[in-house]
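User: Please take me through some salt bridges and one sheet of this model, with the reasoning behind each answer.

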Amino acid sequence: MTQRLRRTARRRAAAIATVGALLAAGLTAAAPVQAADTNLVVNGGFEEGLTGWFVNNGNATDRATLTPTTDAYAGSGAVRVSDRATTGSGPMQDLSGKVQAGQTYSLSARIRYDNAAGPATKQFFATMHYGAATYTNLVSVTATRGQWAHVDGRFTIPAGQSVSTARLFFETPWTSAPADDPDLHLMDFTLDDVSVVGAAPPAAPSKTIEVVGKLPGEHNPLIGHKFGADGFGFVHDGRVYLYLTNDTQGYAPDPVTGVSPGINYGDINQITVLSSTDLVNWTDHGEVPVAGPNGVAPFTNNSWAPGMAKKVVNGEEKFFLYYANGGGSSNVITGASPLGPWTSERTSTLIDGRTPGASDVAWKFDPAPLVDSDGQAYLYFGGGPASTSMPPAERFNNPKNIRVIRLGDDMVTTEGTAAVVDAPVAFEAAQVFERDGKYYLSYSSHFGGNDFGGNQTPLPGYPGGGQIGYLISDDPMSWPKETYAGVLFPNQSQFFGSGTGGNNHQSVFEYEGRHYFTYHAPTLNKRINGNTTQGYRSPHIQELAFNADGTIRQVVGTYAGVEQVRDFDPYRVFEAETFGWSKGVATAKTDGGSAQFGATAPNLVVRDVDNGDWTALSSVDFGAGAASVTAKARPLTTGGQIQVRLGAATAPVVATIPVDGPVGQWTELTAPLDGVTGTHDVYFSYAGPTGVDLFELDTWRFAGADALPVTASAQARCVAGKVFVAVQARNDHDGPVDVVLSSGFGERSVSQVASGANAYQQFASRASAVPAGTATVRVTGSVAGRTVTTSRSVDYPAVDCGS
């Protein structure tokens with residue numbers, strides 16, 4: 001096996017054809033494949049079109065067209081490769097997580113080329129890209145023009161090879177200028193019947209966090225069942241959304257020690273989304289597959305440090321999720337709502353070396369948008385080592401490594417030239433918010449070292465290493481060093497102790513008249529492993545306060561976190577993956593849309609539920625009393641049950657739901673409640689046979705003891721080619737009621753609806769087709785002097801306005 005490094009010029013040995021011949025001979029003599037063999041390639045016969053395949057994108061210059069064809073070696077399908085820009089521009093499949101270091105595999109494929117002007121014979125390689133600049137030829141064949149050639153051989157992955165990234169592709173031998181003779185180097189070819197047979201992929205290590213990572217009564221970290229970093233707070237329709245770098249993606253604790261290898265930032269290509277209306281109970285919306293071959297924007301590799309904005313573009317409200325594509329560039333994808341669905345309006349990165357004014361910025365990442373009150377949008381980005389052309393003192397104190405640039409009206413293009421942000425001791429993580437006509441830019445400070453002119457003492461008042469500094473300006477494009485206002489937040493290790501240091505990434509958002517500060521710290525990682533942490537970070541929030549002169553009072557990081565904004569309303573259908581606190585459970589996406597957030601929103605379930613696990617909600621307001629609790633559950637074994645407790649996981653049981661539906665089928669199960677009034681923390685504890693997963697959970701719903709009479713209806717209709725969901729409630733009570741109408745496309749509150757009157761709202765889906773879904777009507781009124789809330793769920797049918 002020959003391993004080589006490809007750099008910008010993709011240099012290879014001149015005698016690669018000879019090496020390939022030796023390689024093939026050596027591979028044939030390899031040890032036989034193990035007995036428990038399996039084919040690791042998906043759709044190797046291309047009978048399902050291009051499913052599982054994409055064009056090699058390991059280098060920016062790689063480019064080709066893949067076309068399904070019936071001109072196959074066997075079966076009805078193959079793939080035609082054309083318009084190749086480089087010799088490595090060929091069909092690729094991601095085998096990450098399937099192949100293992102030290103294992104031997106058998107590789108087989110059929111290749112044919114027909115170019116009349118091409119050579120009589122041509123060598124082809126099956127090659128593995130192990131990430132970064134590491135490429136290895138696995139098997140080669142010399143094909144005869146017009147005839148199917150058989151790629152057939154064995155390869156062994158070295159025991160020391162990292163396989164966190166392993167992508168198989170097919171290519172012709174490298175040359176520095178293939179376009180000079182495309183008939184010789186860039187001929188079209190057809191590929192069929194690809195297989196990689198060997199040891200079955202290892203079972204994925206459990207990522208379930210078994211400890212109580214967020215302690216009952218505490219509000220930081222925000223969640224205890226997964227990690228997340230670089231939180232960006234965004235408010236829409238009365239709800240706070242938090243977008244996070246998915247630190248959980250690489251978490252793989254050893255089943256014996258419980259310790260995971262250190263975080264591998266280079267593998268992260270998903271963004272985690274949470275939301276809340278009270279800042280303590282958070283709903284997990286799962287991960288957005290942003291980058292990588294199966295991502296929304298497959299021309300990018302990573303998704304770090306997200307930023308979110310919304311704007312009406314051509315009369316349509318859109319949502320824009322910005323992210324760092326590693327350190328070299330930044331990009332944006334577009335959503336129809338804060339939860340998607342997501343699409344890419346671009347085919348190349350938004351911020352990169354071509355961006356005017358950014359050439360001196362080492363790291364063109366950490367994009368943070370701001371849409372000003374006049375509708376003009378800006379993007380803040382940048383960081384990393386200072387320019388070596390500066391004197392050492394300036395490189396340290398004023399590295400000028402952050403930029404701001406105007407965004408176009410479409411939010412996916414830039415306008416003009418990026419301006420310098422002269423933030424003192426700047427490192428990364430610029431973010432801006434506006435308050436009372438002033439603009440506040442916060443950022444993370446660097447730690448010195450050779451990248452910043454050597455270790456020095458910062459100027460008086462300037463930030464120390466790993467602190468959050470801030471500036472105040474009258475102009476969102478103008479940030480001279482004179483606008484520096486101080487340190488907003490010291491390093492988090494000052495508050496959370498050993499193992500929680502390092503740089504940080506923050507945002508500020510306003511919610512219901514108060515400002516909040518987001519940051520991260522390895523506090524969950526610390527509770528799992530003690531003071532030696534592996535870099536897995538968790539989101540935190542603290543309230544932000546201001547002095548009379550507009551400066552910010554320095555933030556103190558605490559486990560207590562922020563106060564709960566409002567009590568939790570239980571009288572509705574809500575997602576089971578909404579946690580105030582939890583122990584031992586995980587979440588996963590499932591088919592279909594969300595019962596609470598609509599048919600186009602992702603639906604998650606609570607999984608890996610074992611005997612003794614529990615989830616909890618903070619400060620649930622039952623008012624005059626709850627009559628019943630309903631769970632939508634899927635039993636995985638017999639004998640499981642849900643116990644409802646008030647105040648603690650070990651408190652007396654107030655209701656028991658036997659999870660006795662058919663195993664493997666989703667079932668709604670209800671248990672009565674008696675005497676549950678007022679406001680309580682609610683614990684759902686799970687019991688059943690040990691050593692097995694008990695069940696999965698989708699939704700919860702409580703019903704009030706005194707039901708208010710209400711007639712609810714919902715329907716979906718087409719208006720100008722788009723689907724609108726109309727929800728109506730008629731007050732059948734003898735007094736006025738307050739009504740909340742909600743669907744996955746929005747929510748509307750109507751106060752003091754008279755007896756016999758209706759509340760109505762038509763919600764725009766902004767889509768031409770939606771599947772069947774559920775809307776919720778919630779009414780609150782007075783019964784015998786007590787305030788009572790009643791919830792009704794109503795279904796509406798699927799509608800396709802294009803059919």
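Analyst: A residue counts as buried under 20% relative accessible area, as exposed over 50%, and as partly exposed in between, computed with a 1.4 Å probe on protein chains only. This is a predicted model, in which local features need pLDDT of at least 70 and side-chain atom pairs count only at pLDDT 80 or more, while totals for chains, interfaces and linings use all residues. Residues are numbered from 1 along each chain as its sequence is written, and side-chain values use heavy atoms, with hydrogens and water left out.

User: Is Asp-409 buried or exposed?
Analyst: The relative accessible area of Asp-409 is 57%, and the cut-off for this class is over 50%. Asp-409 is therefore exposed.

User: Which residue does Asp-409 meet in a salt bridge?
Analyst: A salt bridge here is a side-chain nitrogen of Lys or Arg within 4 Å of a carboxyl oxygen of Asp or Glu. Asp-409 lies in the loop between β23 (402–407) and β24 (414–421) and its partner in strand β17 (residues 304–313), so the pair ties together parts that are 98 residues apart in sequence; strands are DSSP runs (E, at least two residues), numbered from the N terminus. The partner counts as buried, at 14% relative accessibility. With an N to O distance of 3.9 Å, the residue that Asp-409 meets is Lys-311.

User: How many residues apart are Glu-543 and Arg-514?
Analyst: The closest N and O atoms of the salt bridge between Glu-543 and Arg-514 are 3.7 Å apart. Glu-543 is in strand β31 (residues 538–544) and Arg-514 in strand β30 (residues 514–521), so that the pair links distant parts of the chain, and the separation is 29 residues.

User: What is the relative accessible area of Asp-436, which forms a salt bridge with Arg-435?
Analyst: Arg-435 and Asp-436 form a salt bridge in which the closest N and O atoms are 3.8 Å apart. Arg-435 counts as partly exposed at 21% relative accessibility, whereas Asp-436 is exposed, with a relative accessible area of 66%.

User: Which strands stand at the edges of the open sheet that includes β16?
Analyst: The open sheet has five strands in the order β13-β14-β15-β16-β33, with antiparallel pairing, where two strands pair if DSSP finds at least two bridges between them. Two bridges join β16 (residues 282–289) to β33, and Trp-282 stands opposite Phe-579 in β33. Each edge strand has a single partner strand, so one side of each is left without a neighbour in the sheet, and these strands are β13 (229–236) and β33 (578–579).

Note on methods. Helices (H or I, at least four residues) and strands (E, at least two) are DSSP runs, numbered from the N terminus.
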